[in-house]
Amino acid sequence: MHDILKRTEHRPWPVPERPWVMHMSWEHLAFLHWRVDAEAIRARLPKGLEVECFDGSAWLGVVPFLMNRVRGHWLPEIPPTNRFPELNVRTYVTCEGKPGVWFFSLDAGNHLAVWGARNFFHLPYFDAEMEGVFGDQVEYRSRRTHRGVMEGEFKARYKAVGDVFFSERGSLEHWLTERYCLYAADDFEQLWRGDVHHAPWPLQPARMEIERNTLGKLPGLPMEGAPESVLFAGRIDVLGWSLEPCG
């Protein structure tokens with residue numbers, strides 16, 4: 001944990017002074033991104049959040065990965081909540097001068113993790129049947145099973161096809177990945193911000209073959225054709241903090 005906190009110079013604001021509450025490793029990630037009309041995104045955000053744009057467009061991302069080594073600050077890893085596949089649909093926003101991530105959905109293959117995230121972090125997690133083969137090539141399949149929620153299915157293969165690089169400030173790759181907080185909204189429309197910290201992303205160019213993707217149906221946003229940006233990251237260790245009100 002101390003090693004994660006040794007590097008902070010790349011952050012856009014300081015690490016929170018209060019103790020972190022969660023450790024996790026994000027592994028075998030693919031960052032898939034499509035351009036989306038900014039007004040379409042803005043119409044789907046809660047009051048208090050502003051959509052962010054790059055190169056004149058808002059961006060909609062799909063990020064499949066393996067959540068691993070999950071534990072609380074004062075707790076050991078507790079199976080089966082310490083390891084499960086996860087898949088999120090996200091866009092990029094700002095509030096009070098802090099750029100971050102807004103999630104339209106987060107599908108997870110662990111019911112306890114879904115329950116905890118929905119109740120304690122106000123995040124739109126959904127139960128899903130998920131399978132992954134995590135090797136040189138990742139084979140990923142997810143089908144949302146959460147009761148009363150619009151379907152969401154994703155089936156794809158992806159792999160890294162180049163050397164590791166670290167994104168430069170001002171680049172699209174940096175703008176899409178170097179985000180150090182998430183935003184959430186509760187049932188009373190109160191906005192919350194949750195800080196995260198990790199080293200700069202070790203990115204690689206990647207190749208993606210999507211067999212099926214209906215994840216855009218829930219937010220009502222198109223993901224037509226191949227993603228414009230496809231990146232891979234093997235692993236990054238992350239600390240997360242409790243939510244604080246904002247907006």
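Is H122 buried, partly exposed or exposed? In this predicted model, H122 has a relative accessible area of 25% and is therefore partly exposed, since only residues under 20% count as buried and those over 50% as exposed. The residue is placed in the loop between α3 and β6, the latter spanning residues 125-134, and has a positive phi of about 55° although it is not a glycine. A positive phi, near 55°, is also found for H28, a residue that lies in strand β1. Most residues other than glycine have a negative phi, and most peptide bonds are trans. With regard to the peptide bonds, the one that leads from P79 to P80 is cis, its omega being near 0°, and P80 itself is placed in the loop between β3 and β4.

Strand β1 also contributes to the largest pocket of the model, for which a volume of about 1000 Å³ was computed. The lining of this pocket comprises 46 residues, and those that lie nearest its centre are M22, M24, M67, V70 and F121. Two or more lining residues come from each of the strands β1 (22-36), β3 (58-72), β4 (83-95), β5 (98-108), β9 (181-185) and β10 (191-197), and from the helix α3 (111-120). When the lining of the largest pocket is divided by class, 32 residues are nonpolar, whereas 9 are polar and 5 are charged.

Across the whole structure, the search for salt bridges returned 21 of them. One of these joins the side chains of E27 and R69, with a distance of 2.3 Å from N to O; the two partners are 42 residues apart in the chain, E27 belonging to strand β1 and R69 to strand β3, so that distant parts of the chain are linked by the pair. The partners differ in their accessibility class, because E27 has a relative accessibility of 8% and counts as buried, while R69, at 29%, counts as partly exposed.

A further salt bridge is formed by the side chains of R193 and E96, at 3.3 Å from N to O. Here the separation along the chain is 97 residues, with R193 in strand β10 and E96 in the loop between β4 and β5, and this pair, too, links distant parts of the chain. R193 has a relative accessibility of 5% and counts as buried, whereas E96, with a relative accessible area of 53%, is exposed. In the third pair considered, the side chains of R212 and E153 meet in a salt bridge at 2.9 Å, again from N to O. R212 lies in strand β11 (residues 203-213) and E153 in strand β8 (residues 153-160), and the two residues, 59 apart in the chain, link distant parts of it. Both partners fall into the partly exposed class, R212 with a relative accessible area of 37% and E153 with a relative accessibility of 23%. Apart from such single pairs, salt bridges that share partners join R18, E96, R193 and E244 into one network.

Among the aromatic side chains, the count comes to 9 pairs. In one of them, the rings of F54 and W175 have centres that are 5.6 Å apart and planes that stand at 45°, and the pair is therefore classed as tilted, given that planes under 30 degrees apart would count as stacked and those over 60 as edge-to-face. F54 is found in the loop between β2 (50-51) and β3, and W175 in helix α4 (residues 172-177), so that 121 residues separate the two and distant parts of the chain are linked. With a relative accessibility of 15%, W175 counts as buried. The face of the W175 ring is in addition covered by R179, which lies over it at 4.7 Å from the ring centre. Elsewhere, ring pairs link W26, F31, F65 and W201 into a cluster.

Finally, L218 is placed in the loop between β11 and β12, the latter strand spanning residues 229-240. With a relative accessible area of 28%, L218 is partly exposed. L218 and G234 are 16 residues apart along the chain, and a distance of 28 Å separates their C-alpha atoms.

Terms used: Residues are numbered from 1 along each chain as its sequence is written. This is a predicted model: local features need pLDDT of at least 70, side-chain atom pairs count only at pLDDT 80 or more; totals for chains, interfaces and linings use all residues. Side-chain values use heavy atoms; hydrogens and water are left out. On a 1 Å grid over the protein atoms alone, a cavity is a set of points where a 1.4 Å probe fits but cannot get out, and a pocket is an open set with protein on both sides within 12 Å along at least five of seven lines; lining residues have an atom within 4 Å of a point. Grid points are joined across faces, edges and corners, and a volume is the space filled by probe spheres set on the points. Helices (H or I, at least four residues) and strands (E, at least two) are DSSP runs, numbered from the N terminus. Ala, Val, Leu, Ile, Met, Phe, Trp, Tyr, Cys and Pro count as nonpolar, Asp, Glu, Lys and Arg as charged, and the others, Gly among them, as polar. A salt bridge is a side-chain nitrogen of Lys or Arg within 4 Å of a carboxyl oxygen of Asp or Glu. Buried means under 20% relative accessible area, exposed over 50%, partly exposed in between (1.4 Å probe, protein chains only). Rings of Phe, Tyr and Trp (its six-membered ring) pair if their centres lie within 6.5 Å; planes under 30 degrees apart count as stacked, over 60 as edge-to-face and the rest as tilted. A charge sits over a ring if NZ of Lys or CZ of Arg is within 6 Å of the ring centre and within 35 degrees of the ring normal.
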